[in-house]
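Grab a pencil and have a look at the protein below. Try each task yourself before you peek at the solution.

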Amino acid sequence: MSKLPKSALSLKQFMLRQEVLKLYREIWRTTRLVPDQHSRQELRAWARHDFQANRNQSDEVAIKMLMQSARRSLTELQTSLQLSGTSVK
């Protein structure tokens with residue numbers, strides 16, 4: 001009998017979850033570079049809301065599409081910060 005709980009993730013699900021968390025942390029770190037505190041809080045609220053709204057998503061294709069959209073938004077934010085003269089890694 002397996003000691004794993006029934007809700008244990010498969011390796012594929014675990015790896016995808018790690019990618020999502022990595023993306024979330026990258027978005028969070030990038031928002032630290034936003035000079036205006038109000039804008040920073042707004043961006044963080046947006047990110048938190050979007051990730052929490054899709055927290056229970058289990059369809060792998062849907063998750064990958066959501067990640068692609070989040071990456072696109074992150075790239076746009078980083079580009080905007082670079083154009084404003086803020087150093088982005």
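Here are four exercises, each with a worked solution.

This is a predicted model, where local features need pLDDT of at least 70, side-chain atom pairs count only at pLDDT 80 or more, and totals for chains, interfaces and linings use all residues. Residues are numbered from 1 along each chain as its sequence is written, and side-chain values use heavy atoms, with hydrogens and water left out.

**Exercise 1. The overall build**

Work out which elements the protein has and how spread out it is.

Step 1: Count the elements. You should get 3 helices and 0 strands; these are DSSP runs numbered from the N terminus, with helices being H or I over at least four residues and strands being E over at least two. Read from the N terminus, the order is α-α-α.

Step 2: Check the spread. The radius of gyration (taken over C-alpha atoms) is 16 Å, while the globule rule gives 12 Å for 89 residues, so the protein is more spread out than a compact globule. That rule is 2.2 Å times the number of residues to the power 0.38.

Step 3: Look at the box. Along the principal axes, the C-alpha atoms fill roughly 60 × 20 × 20 Å.

Step 4: See how much is tucked away. Buried residues come to 20% of the 89, where buried means under 20% relative accessible area, exposed means over 50%, and partly exposed lies in between (1.4 Å probe, protein chains only).

**Exercise 2. Two helices side by side**

Find how the axes of α1 and α2 are arranged, and which residues meet.

Step 1: Know what to look for. Two packed helices are described by the angle between their axes and the distance between the axes.

Step 2: Get the numbers. The axes of α1 and α2 (residues 37-53) come within 9 Å and cross at roughly 170°. Axes are lines fitted to C-alpha atoms, for helices over the stretch in contact, and angles run from 0 to 180 degrees between N-to-C directions.

Step 3: Name the arrangement. This makes α1 roughly antiparallel to α2, since angles over 145 degrees count that way, under 35 as roughly parallel, 65 to 115 as roughly perpendicular and the rest as oblique.

Step 4: List some partners. From α1, the meeting residues include Val20, Tyr24 and Trp28, and from α2 they include Trp46, Arg48 and Phe51. Contact means heavy atoms within 4.5 Å.

**Exercise 3. The largest nonpolar core**

Which residues make up the largest nonpolar core, and which helix gives the most?

Step 1: Collect the members. There are 8: Leu16, Leu23, Ile27, Ala47, Ile63, Met67, Ala70 and Leu74. A nonpolar core is a set of buried Ala, Val, Leu, Ile, Met, Phe, Trp, Tyr and Cys residues joined through side-chain atoms within 4.5 Å.

Step 2: Sort them by helix. Both α1 and α3 (60-83) supply at least two residues, and α3 gives the most, with 4.

Step 3: Zoom in on one member. Alanine 70 touches Leu23 and Ile27, leaving out residues up to four places away in sequence.

**Exercise 4. Two residues, two settings**

Are threonine 31 and arginine 71 buried or partly exposed?

Step 1: Take threonine 31, which sits in α1 (residues 11-31). Its relative accessible area is 1%, so threonine 31 is buried. Beyond four places in sequence, threonine 31 touches Arg40, Leu43, Arg44 and Leu77.

Step 2: Take arginine 71, in α3. With a relative accessible area of 39%, arginine 71 is partly exposed. Its contacts, again skipping residues up to four places away, are Glu19 and Leu23.
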